[in-house]
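Thanks for coming, everyone. Let me put the structure up, and then we can walk through it.

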Amino acid sequence: MASPLTYDSRVHIYVHVPFCARRCSYCDFAIAVRRETPDAEFVAAIEQEWRSKSAITADGGALTTLYFGGGTPSHLAPASIARLVEVVTADHPLTPDAEVTLETNPDDVTAERADQWAAAGINRVSLGVQSHNPAVLEWMHRTHRAEQVAPAISAVRSAGIMNISIDLIFSLLAEISRNWSDDFERTLELEPNHISLYGLTIEPHTPLFRWAERGAAVPAPDERYAEEYLLAHDRMESAGFEHYEVSNAGRPGFRARHNSAYWRGVDYVGLGPSAHSLRGERRSWNIREWSEYRTRMAGGASVESGFEVLDAGARALERRYLGLRTTDGLALDEVPPGTCNAWYSAGWAAPDGDRIRLTIEGWLRLDALVAAASHS
Ligand code: SF4
């Protein structure tokens, strides 16, 4: 039976750092392109927002996970990262085994910075590698070069941060000749503890979308997505990784604990522009743009942009989606017996004790299967 995503969790904090040196060709995230980051103003804004939220957070409980995502958190000065950790943990100390993650771009990593991040309490680094192919990185408008990745990993390890995750993007456009197998092999040679895989999608309001509109970019055929996804799965499993979530695999003991909290549907607090929070049935989200977020903060106004109260139906749908995307799966009685049997016959799912979980073939059809489970 697959080991369940069980963690003794109290409080999970996400801090969205919106600044990037430039916008990648495929990216539709809430970012602010800045060569110089307004660190002092940003730290003050996060402190102000956290003060307004920490009083309602788990009775002053200790923090189990703290995650700096973006954007490019490593674009901030290390002293600002240290200050943010201090601010967030002032009244909510970290548990002794807390996971504290910093998303980084390889070109931001130096030995000195890595040492400062470690001293600040960062114990996990998620590195935005995406590809090892120089032409692909250029097409993506990434700021780093392929040869910066290995030294970045060495610097992080030398600083004592041994929990390293690598992000990769697969299923690139039809016309891009990228050898996914080579790219993946290069990634495994770097011996990360964790790998996150993202299939390229063409999102509105991105440079890539505009290229596609004028016919200068053609999406990859579905077969390419499936082939590359299955190749990655096989390589990761052979290398000793556990592919525990549709897009994530880790060596034993190295699952992403912060993201696992999302997948288990537990409460979390988001700080910063566009950050989401969940408390019980209430999910809320912040103003997306940094410029408006800072203006509201300066004026003492709420930065919440909207909220929804999840009714029983919405919670059930979400539970199915979150359960089926991980090796946790779902309790068998959450899926009608006829649907279970059809999935078993097709090779899309397998029984696991009193639970059902999707196979790798099932994960290729995740959205359709969740919809089927919800309407059958
Ligand atoms: S570094 Fe990340 S967040 Fe920033 S533009 Fe590129 S993909 Fe988007």
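Start with Cys340. Cys340 is buried, at a relative accessible area of 4%. Buried here means under 20% relative accessible area, exposed means over 50%, and partly exposed is in between, with a 1.4 Å probe and protein chains only. Cys27 is buried too, with a relative accessible area of 12%.

A word on what you are looking at. This is a predicted model, where local features need pLDDT of at least 70, side-chain atom pairs count only at pLDDT 80 or more, and totals for chains, interfaces and linings use all residues. Residues are numbered from 1 along each chain as its sequence is written, and side-chain values use heavy atoms, with hydrogens and water left out.

Back to cysteines. How many disulfides does a search of the whole structure find? Zero. The cut-off is a pair of cysteine sulfur atoms within 2.5 Å.

Cys27 takes us to the ligand. Cys27 is one of the residues around the ligand. Near means that a heavy atom of the residue lies within 4 Å. The others in the list are Cys20, Arg22, Arg23, Cys24, Tyr26, Phe29, Ile31, Gly71, Thr72, Asn105 and Arg142. Sort the shell by class and you get six nonpolar, three polar and three charged residues. For the classes, Ala, Val, Leu, Ile, Met, Phe, Trp, Tyr, Cys and Pro count as nonpolar; Asp, Glu, Lys and Arg count as charged; the others, Gly among them, count as polar.

Next, salt bridges. The rule is a side-chain nitrogen of Lys or Arg within 4 Å of a carboxyl oxygen of Asp or Glu. By that rule the count is 21.

Take Glu245 and Arg325. Their side chains form a salt bridge at 2.5 Å, N to O. This pair links distant parts of the chain, 80 residues apart: Glu245 sits in strand S9, and Arg325 in the loop between helix H11 (312-324) and strand S15 (330-331). Helices (H or I, at least four residues) and strands (E, at least two) are DSSP runs, numbered from the N terminus. Both Glu245 and Arg325 are buried.

Now Arg283 and Glu308. Here the salt bridge is 3.0 Å, N to O. Again distant parts of the chain are linked, with Arg283 in strand S13 (residues 282-286), Glu308 in strand S14 (residues 304-309), and the two positions 25 residues apart. Buried or partly exposed? Arg283 is buried, at 14% relative accessible area. Glu308 counts as partly exposed, at 32%. Arg283 has another partner: its side chain makes a polar contact with the side chain of Glu318, at 2.8 Å. A polar contact is a pair of N or O atoms within 3.5 Å; within protein, one must be able to donate a hydrogen and the other to accept it, and residues adjacent in sequence count only if both atoms are side-chain atoms.

One more pair: Arg319 and Glu334, in a salt bridge at 2.8 Å, N to O. Arg319 lies in helix H11, while Glu334 lies in the loop between S15 and helix H12 (337-346), 15 residues apart. Arg319 is partly exposed at 42% relative accessibility. Glu334 is buried at 18%. There is also a network: Glu47, Arg51, Arg83 and Glu86 are joined by salt bridges that share partners.

Staying with polar contacts, look at Ser131. Ser131 is in the loop between strand S6 (124-130) and helix H4 (134-139). Its relative accessible area is 0%, so Ser131 is buried. What does the side chain of Ser131 contact? The side chain of Asp183, at 2.7 Å. A polar atom of the Ser131 side chain also lies 3.0 Å from the backbone nitrogen of Asn133.

Last, the strands. Two strands pair if DSSP finds at least two bridges between them. S9 (residues 242-245) pairs with S10 (residues 248-250), antiparallel, over three bridges. A hairpin of two residues joins S9 to S10. Within this pair, His243 stands opposite Ala249.

Then the open sheet. Three strands form it, in the order S15-S17-S16, with antiparallel pairing. S15 and S16 (349-352) are the edge strands, each pairing on one side only. Two bridges join S15 to S17 (residues 355-358). Across that pairing, Ala331 stands opposite Arg355.
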